[in-house]
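These are my notebook entries on one protein model. I wrote down what I looked up, entry by entry.

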Amino acid sequence: MNRFVLSLATIFATVSLFSCGAQKQGTSSGNPGNGSSNTSAASGPSASEWKSAVKGTWTLNSIDRENLPSTFTIKSVFEEAPAECFVGSSWNFIGNGKGSITFNAQGTLCAPGASREIFWSIYNPGKGLGEPQFQFKKIYAGDKAKNVTTGYRLDLSYSDGNKLVMKMPLTVANGEAYLVFNFSRVN
């Protein structure tokens with residue numbers, strides 16, 4: 001009987017993890033921290049749950065613009081390449097924090113076959129202080145991850161095990177906007 005209950009609890013926890021998404025940060029309706037005692041229950045997956053959900057190899061299918069004026073030009077994403085060069089790229093997130101982004105897009109400013117080593121983790125701001133975020137830093141030849149002090153953070157928006165959505169917050173004249181990164185799992 002105990003094994004049956006434990007199995008049911010495990011299945012329920014797995015389904016819950018992959019069917020819920022973290023709330024968007026930076027909005028008054030979605031930002032936890034209102035002081036209520038049930039903030040963590042309503043705020044989405046924990047940092048460790050997100051880490052488990054993100055591990056693996058993903059293909060970046062598209063980068064969408066949310067609340068971004070059509071006149072707003074984005075010359076480079078992650079100070080690396082234009083957004084269109086990232087579409088079709090393969091993102092590999094190993095459980096120990098090592099990872100890579102391999103570019104596959106053709107284009108004038110793209111470098112198909114080029115690979116960027118990264119070190120990634122899930123940033124946990126602490127209970128009631130916001131939602132976990134995906135963070136990574138570029139690792140160049142000869143660098144040690146612990147010595148690299150600059151990097152990037154994206155809001156974790158959704159994961160169901162096969163789909164992953166992360167949002168890069170951008171500040172624009174009319175408020176907050178996002179580049180929305182839509183991934184599908186390779187393995």
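**Entry 1: burial and surface.** I call a residue buried under 20% relative accessible area, exposed over 50%, and partly exposed in between, using a 1.4 Å probe and protein chains only. With that rule I looked up the share of buried residues, and the figure is 39% of the 187 residues. I also looked up the accessible surface, by the Shrake-Rupley method with a 1.4 Å probe, where for residues only the protein chains shown count as cover. The total is about 10500 Å², and 53% of that belongs to carbon and sulfur atoms.

**Entry 2: what kind of model this is.** The model is predicted, so I note that local features need pLDDT of at least 70, that side-chain atom pairs count only at pLDDT 80 or more, and that totals for chains, interfaces and linings use all residues. Residues are numbered from 1 along each chain as its sequence is written, and side-chain values use heavy atoms, with hydrogens and water left out. pLDDT is the predictor's confidence in each residue, from 0 to 100. The average here is 80, and 77% of the residues score at least 70. Over residues 1–42 the pLDDT stays under 50. Where pLDDT is low, the predicted coordinates should not be read in detail. I therefore leave that stretch alone, with its pLDDT under 50.

**Entry 3: helices and strands.** I took helices (H or I, at least four residues) and strands (E, at least two) as DSSP runs, numbered from the N terminus. I find 4 helices and 8 strands. Along the sequence the pattern reads α-α-α-β-α-β-β-β-β-β-β-β. I then looked up contacts, meaning heavy atoms within 4.5 Å. Of the contacts with a separation of 6 or more, 50% are between residues 24 or more positions apart.

**Entry 4: helix α3.** Which residues of helix α3 are buried? In this helix, residues 47–54, they are Ala47, Trp50, Ala53 and Val54. Seen down the axis of α3, these residues fall within an arc of 120°, so they line one face of the helix. The arc is that of the directions from the helix axis to the C-beta atoms. As background, an α-helix has 3.6 residues a turn, so residues three or four places apart point the same way. After α3 comes glycine 56, with a positive phi near 130°.

**Entry 5: leucine 60.** I picked leucine 60 in strand β1. Leucine 60 is buried, at 1% relative accessible area. Beyond four places in sequence, its contacts include Phe86, Trp91 and Phe181. Phenylalanine 181 is 121 residues away along the chain, yet the two C-alpha atoms are 6.8 Å apart.

**Entry 6: two positive phi values.** Most residues other than glycine have a negative phi. I looked up two residues with a positive one: phenylalanine 78, near 55°, and glutamate 79, about 50°. Phenylalanine 78 is in the loop between β1 (56–66) and α4 (83–86), and glutamate 79 lies in the loop between β1 and α4. Are they buried or exposed? Phenylalanine 78 is buried at 4%, whereas glutamate 79 is exposed at 67%.

**Entry 7: the disulfide.** A disulfide is a pair of cysteine sulfur atoms within 2.5 Å. I count 1. Cysteine 85 and cysteine 110 form it, with sulfur atoms 2.0 Å apart. Cysteine 85 lies in helix α4 and cysteine 110 in the loop between β3 (98–102) and β4 (115–123), so the pair ties together parts 25 residues apart in sequence. The torsion about the S-S bond is about -85°, so the disulfide is left-handed. Both cysteines are buried.

**Entry 8: salt bridges.** A salt bridge is a side-chain nitrogen of Lys or Arg within 4 Å of a carboxyl oxygen of Asp or Glu. How many salt bridges are there? The count is 3.

- Lysine 167 meets glutamate 66 at 3.1 Å, N to O. Lysine 167 is in strand β7 (residues 163–172) and glutamate 66 in strand β1, 101 residues apart.
- Glutamate 80 pairs with arginine 116, the closest N and O atoms being 3.0 Å apart. Arginine 116 is in strand β4, 36 residues from glutamate 80.
- Glutamate 80 also meets lysine 138 at 3.1 Å, N to O. Lysine 138 is in strand β5 (residues 133–138), 58 residues from glutamate 80.

Glu80, Arg116 and Lys138 are thus linked in a network. Glutamate 80 is partly exposed at 28%, while arginine 116 is buried at 17% and lysine 138 is buried at 9%.
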